[in-house]
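Work through the exercises below with the sequence and the model side by side. Each task is followed by its solution.

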Amino acid sequence: MEGSYIGVKGEATGIPPSLCVPVDTCGAGDAYASGILYGIWRGVTDLKGMGDLATKIAASVVGQRGTRLRVQDATSHDFQLERVLVFETDDGS
């Protein structure tokens with residue numbers, strides 16, 4: 001399978017790749033890891049949704065020159081996380 005696998009505590013799921021036109025692969029793994037860490041930080045428990053976010057962030061980085069995610073891309077990914085994934089905040093909402 002192309003893409004990646006995420007596993008936590010005996011649960012594993014396959015994550016398909018996000019489509020992009022590759023320009024520069026430097027930073028792809030770091031960008032993917034940042035998506036996973038962001039999901040963990042926000043309390044996301046859905047591995048598939050977290051992996052989908054991570055691949056979208058990595059695809060954005062791979063589709064541009066350089067390793068930093070552009071501000072406009074980061075903003076759009078955060079919006080997608082809010083819409084797609086369900087998580088609890090510290091106040092229980």
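A disulfide is a pair of cysteine sulfur atoms within 2.5 Å. The model is predicted, so local features need pLDDT of at least 70 and side-chain atom pairs count only at pLDDT 80 or more, while totals for chains, interfaces and linings use all residues. Residues are numbered from 1 along each chain as its sequence is written, and side-chain values use heavy atoms, with hydrogens and water left out.

**Exercise 1.** Count the disulfides, then classify Cys 20 and Cys 26 by exposure.

Step 1. The disulfide rule gives a count of zero.
Step 2. For exposure, buried means under 20% relative accessible area, exposed means over 50%, and partly exposed lies in between (1.4 Å probe, protein chains only).
Step 3. Cys 20 has a relative accessible area of 35% and is partly exposed. Cys 26, at 45%, is also partly exposed.

**Exercise 2.** Find how strands β1 and β2 are joined, and place Thr 13.

Step 1. Strands (E, at least two residues) and helices (H or I, at least four) are DSSP runs, numbered from the N terminus. Two strands pair if DSSP finds at least two bridges between them.
Step 2. β1 (residues 4–8) and β2 run antiparallel and are joined by five bridges.
Step 3. The two strands form a hairpin with two residues between them, and Lys 9 in the turn has a positive phi of about 50°.
Step 4. Thr 13 lies in β2 (residues 11–15) and is the bridge partner of Ile 6.
Step 5. Thr 13 is buried, at 19% relative accessible area. Contact means heavy atoms within 4.5 Å; leaving out residues up to four places away in sequence, Thr 13 touches Ser 4, Tyr 5, Ile 6, Leu 47 and Lys 48.

**Exercise 3.** Describe the largest nonpolar core.

Step 1. A nonpolar core is a set of buried Ala, Val, Leu, Ile, Met, Phe, Trp, Tyr and Cys residues joined through side-chain atoms within 4.5 Å.
Step 2. The largest has 13 residues, and Ile 6, Ala 31, Tyr 32 and Ile 36 have the most contacts inside it.
Step 3. Two or more residues come from each of α1 (28–41) and α2 (47–62); α2 gives the most, seven residues.
Step 4. Beyond its neighbours within four places in sequence, Ile 36 contacts Ile 6, Met 50, Gly 51 and Ala 54.

**Exercise 4.** Which residue forms a salt bridge with Asp 52?

Step 1. A salt bridge is a side-chain nitrogen of Lys or Arg within 4 Å of a carboxyl oxygen of Asp or Glu. The count is one.
Step 2. The partner of Asp 52 is Lys 48, with the closest N and O atoms 3.1 Å apart.
Step 3. Asp 52 and Lys 48 are about one helical turn apart because they are four residues apart in helix α2.
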